[in-house]
Amino acid sequence: MEQRRCEMPRARGGLFGCVVAVLLWSAALAQIRYSISEEVNEGTVVGNIAKDLGLDKSTLKDRKYRIVSSNADPLFHVNQNDGVLYVSRKIDREEVCAQSSTCLMNLKTVLENPLEVHYVGVEVLDINDNYPIFPQNEKVLDIFESVLPGTRFQLKPSRDPDSGHFSVQQYKLSPNDHLRLEVKDKGADGKIPILVIQKSLDRETSGSHSFVLTAMDGGKPPKSGTVNIVVNVLDVNDNAPVFSREGYSVMLNENAPLGTTVIQVNATDLDEGTNGDVVYSFTNSIDQKILNIFNINTLTGEITVKGLINYEEKDRYEIEIEASDKGLVPFTTDKSVIIKIVDINDNAPEIEVTSFSNSIPEDSRLGTTVALISVNDLDSGLNGKVICSIVEDAPFALTPSLQDKMFSLVTKSPLDREKQSQYVLTITAKDAGEPPLSSAKTIHVVVSDVNDNSPEFSLSPYTFYITEANEPGTSVFSVKAFDRDENDNALITYHILREGSEGNKLTSFLNINSETGDILALKSFDFETLKTFQFQVVATDSGAPSLSNNVTVHVFILDQNDNAPVILYPVSSNGSAEGVEEIPRNVNAGHLVTKVRAYDADIGYNGWLLFSLQEVTAHSLFGLDRYTGQIRTLRSFTETDEAEHKLLILVKDNGNVSLSATATVVVKLVEPREAFAAADVKSATKDNEDNNVTFYLMITLGSVSTLFLISIIVLIAMQCSKSTDYTSKYLQETNYDGTLCHSIQYRSGDKRYMLVGPRMSIGSTIVPGSHANTLVLPDRRGTSTERSEQM
């Protein structure tokens with residue numbers, strides 16, 4: 001009844017190794033194996049572990065010999081007194097090891113001081129303590145009488161919890177004429193019973209058959225289990241449903257409301273009872289999309305709308321339906337239903353820009369394609385016919401393409417970026433349906449710049465006034481040009497046009513900032529040497545190719561008081577301003593003694609000279625005209641008056657910082673007879689002096705006249721080439737009294753200016769803040785323009 005096997009491994013090794021092993025760890029390992037049948041009583045001896053392992057029984061208790069297990073209710077325990085292994089409770093092999101072929105339980109026993117671990121294996125042996133069991137007590141098979149011999153019906157196998165030879169080994173079927181038994185062995189999965197029709201069933205002969213199937217295990221004696229098999233012979237459904245029409249076809253408007261009846265089909269079955277009851281359905285092969293759109297009533301055969309009907313998605317549906325009877329083996333008849341969808345205008349045209357150049361050069365030729373536009377309307381017929389147009393009045397047009405529903409957006413008139421740099425175009429598409437539907441799409445067309453505009457100056461020509469004696473190297477004036485193009489095409493650089501002609505030599509003394517247009521004078525100008533000049537400035541853009549424009553710049557030099565008066569008379573032989581005048585004693589009051597003559601190279605106030613007596617021996621005898629320089633007697637001479645008088649005359653101009661010169665006149669009183677004699681001698685001498693003075697005056701007058709004549713020509717040319725009211729007028733001074741003077745009148749903008757000499761015109765007014773030698777005259781635009789120089 002009890003079988004034992006014991007195995008003892010022997011440890012082999014050198015003496016040194018054994019000593020080290022004992023010092024480090026006092027432990028021994030051993031392995032024994034026992035076998036015991038299941039279902040033995042509690043307390044049954046499995047084996048004497050202490051004896052089989054050679055352990056000292058007297059030390060087992062002290063060394064706490066025990067089985068180490070995580071199970072709260074262990075199957076085995078060891079006696080610490082004698083080392084015998086006992087069964088703690090009944091062991092059910094089918095519970096512990098299910099249907100495993102071998103049920104081996106490993107136990108771990110432990111002794112302390114020193115620690116020893118021994119592994120014990122207990123094999124639980126199976127006994128035939130279970131019967132084969134079928135899943136159910138009775139199995140009903142419904143088999144039509146029309147089944148053919150050889151038809152197989154597989155049954156669920158019987159299960160026996162025992163293993164090995166004690167499991168199910170064979171099946172037996174009660175004797176009959178219609179069925180036979182086959183067994184299929186599936187190894188570890190057991191044996192499967194199969195019933196095979198060996199003779200046709202006849203429901204009219206017998207509507208039901210009963211059989212007993214027995215399963216037996218391999219025990220001695222064997223245990224068995226049974227199941228009753230009932231075979232019901234079913235009637236044969238031998239008539240299929242027939243539809244009332246050969247074919248079904250119907251028209252359906254798209255967007256039909258849900259629940260709309262499409263069509264109703266009808267079929268009949270000649271069978272009776274359930275075999276003649278007909279139900280309708282879609283075939284299994286039908287697309288899921290159709291199932292989402294249509295529904296069929298299984299009893300009436302009415303097909304209704306279940307989802308959205310869209311002509312654009314599909315314009316025709318062919319639905320396969322079937323009519324089936326309710327027989328146990330139902331007959332089915334298929335039929336096609338064709339549904340044609342009628343289009344309605346429910347789709348607006350769709351606009352798609354297939355190719356688009358969002359930037360087009362402004363010099364593009366007429367007919368240049370900007371974009372290709374595709375228009376699509378999912379509707380058909382007139383509902384899908386589309387007309388395209390542009391809403392805005394723009395230099396673009398839509399032209400049909402060779403391909404249907406394709407349009408080209410092209411230029412129909414010249415483009416000018418400077419007038420309009422971009423266009424927002426709204427393209428509309430409208431179909432021909434009733435009512436018509438339309439859609440719109442907006443595109444942005446940018447007109448890119450082309451260098452087609454030359455730089456333009458803000459003024460043409462420019463007129464600038466520069467005060468003489470300017471500081472060299474500083475900016476004196478500036479020109480400005482703009483270009484209506486953009487980016488590099490509008491980037492302007494400036495330069496002065498320097499030609500080899502005589503009139504442009506002065507440009508060598510000018511320099512221009514190529515970026516800002518500021519013009520610098522490299523030298524100081526002198527009004528007395530140069531009064532006016534002109535040159536040209538060229539503005540060039542940075543386009544490719546570049547464009548340029550030029551402007552004439554007129555420059556007028558304004559006088560400053562930088563020249564002192566020069567005494568022309570009296571002048572002595574050594575060059576000093578001294579002279580002697582002899583007059584008779586008997587002259588009356590108001591007698592002209594002499595006239596002091598002076599010249600100032602400046603003009604206007606700077607050249608307007610005033611005379612005054614600085615020193616005189618007798619203030620009551622002589623008087624000096626402050627404007628003309630005439631010295632006259634104030635009274636008649638008496639015997640008590642001295643015979644010689646010295647007059648110191650101061651000549652100064654009217655500049656802001658006036659400059660001056662002095663002349664000395666000695667007046668000698670002589671008797672009338674001596675005066676006449678002296679007068680003859682003096683007359684001869686004076687004729688020579690007057691000839692010299694006249695010569696110098698002629699040279700001076702000729703030079704000044706030549707300069708003013710050049711100025712007149714320049715101003716006349718400016719008047720002809722410019723639309724602004726610019727005039728130059730030179731006034732003729734009628735009250736010339738012997739003093740050199742200059743009078744220049746000119747116009748700039750809304751103001752008229754006059755550079756005056758010693759005598760100003762009546763009605764002239766000095767403007768505060770203006771140059772000291774500049775007057776503003778009342779506007780007389782009806783008068784002619786004149787310019788003159790007087791001496």
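**View 1. Glutamate 615 faces leucine 648 across a strand pair.** Here we are in a predicted model, looking at the spot where glutamate 615 stands opposite leucine 648 in β49. The two strands involved are β46 and β49 (residues 644-652), which run antiparallel and are joined by six bridges. Zoom out a little and you'll find an open sheet of four strands, ordered β43-β50-β49-β46, with mixed pairing. β43 (578-584) and β46 sit at the edges, each pairing on one side only. On average, and ignoring direction, neighbouring strands of this sheet are turned by 30 degrees against each other.

**View 2. Leucine 610 in strand β46.** Staying with β46 (residues 610-616), this close-up picks out leucine 610. Is leucine 610 buried or exposed? Its relative accessibility is 9%, so leucine 610 counts as buried, the cut-off for that being under 20%. Leaving out neighbours within four places in sequence, the residues in contact with leucine 610 are Arg626, Tyr627, Leu650, Val651, Lys652 and Asn654. Aspartate 625 is worth finding too: 15 residues along the chain from leucine 610, its C-alpha atom is 8.8 Å from that of the leucine.

**View 3. The largest nonpolar core.** This core has 28 residues, and the ones touching the most other members are Leu252, Val262, Phe294, Ile319, Ile321 and Ile339. Quite a few elements chip in with at least two residues each, including β17 (248-253), β20 (278-282), α4 (288-293) and β24 (332-342). Which strand gives the largest share? That would be β23, with four residues. As a bit of background, nonpolar side chains in soluble globular proteins tend to be buried together.

**View 4. The surroundings of isoleucine 321.** Isoleucine 321, one of the core residues that touch the most other members, gets its own panel. Not counting residues up to four places away in sequence, isoleucine 321 touches Phe243, Val265, Ser281, Phe282, Thr283, Ile296, Ile303, Thr333, Asp334, Lys335 and Val337. If you're clicking through side chains, you'll come across Phe282 and Ile303 in that list, and also Asp334 and Lys335.

**View 5. Asparagine 255, a positive phi in a loop.** Look in the loop between β17 and β18 for asparagine 255. Asparagine 255 isn't a glycine, yet it has a positive phi of about 60 degrees. How does the residue sit relative to the surface, and what is its relative accessible area? Asparagine 255 is partly exposed, at 32%.

**View 6. Alanine 469, another loop residue with positive phi.** Alanine 469 lies in the loop between β34 and β35 (475-478). Its phi is near 65 degrees, a positive value in a residue other than glycine. Alanine 469 is partly exposed, with a relative accessible area of 48%.

**View 7. The open sheet β34-β41-β40-β37.** Four strands make up this open sheet, in the order β34-β41-β40-β37, and the pairing is mixed. Its edge strands, pairing on one side only, are β34 (462-467) and β37 (492-497). From one strand to the next, the twist averages 30 degrees. β37 pairs with β40 (residues 532-541) in the antiparallel sense, over six bridges. To get your bearings in that pair, look for tyrosine 494, whose bridge partner in β40 is alanine 539.

**View 8. Two cis peptide bonds before proline.** One cis bond joins asparagine 113 and proline 114, with omega about -5 degrees. Proline 114 belongs to the loop between β7 (104-111) and β8 (116-125). Another cis bond joins serine 460 and proline 461, again with omega about -5 degrees. Proline 461 is in the loop between β33 (456-457) and β34.

**View 9. β27 and its strand partners.** Strand β25 (residues 350-356) pairs with β27 (residues 369-376) over six bridges in the antiparallel sense, and serine 355 stands opposite leucine 372 in β27. β27 is also joined to β30 (residues 406-411) by five bridges, and these two run antiparallel. Here, isoleucine 373 has phenylalanine 407 in β30 as its bridge partner.

**View 10. Confidence along the chain.** The mean pLDDT of the protein is 80, with 83% of residues reaching 70 or more. Among the elements, β22 has the highest mean (95) and helix α1 (residues 15-24) the lowest (30). Over residues 1-30, pLDDT stays under 50, and the model has 44 contacts beyond four places in sequence for that stretch. Residues 751-791 also stay under 50, with 129 such contacts.

Technical notes
Residues numbered from 1 in each chain as written. Heavy atoms only, no water. Core = buried A, V, L, I, M, F, W, Y, C linked by side-chain atoms within 4.5 Å. Buried < 20%, exposed > 50% of the residue type's maximum accessible area, 1.4 Å probe, protein only. Contact = heavy atoms within 4.5 Å. Pairing = 2+ DSSP bridges. Axes fitted to C-alpha atoms, helices over the stretch in contact; angles between N-to-C directions. pLDDT = per-residue confidence, 0-100.
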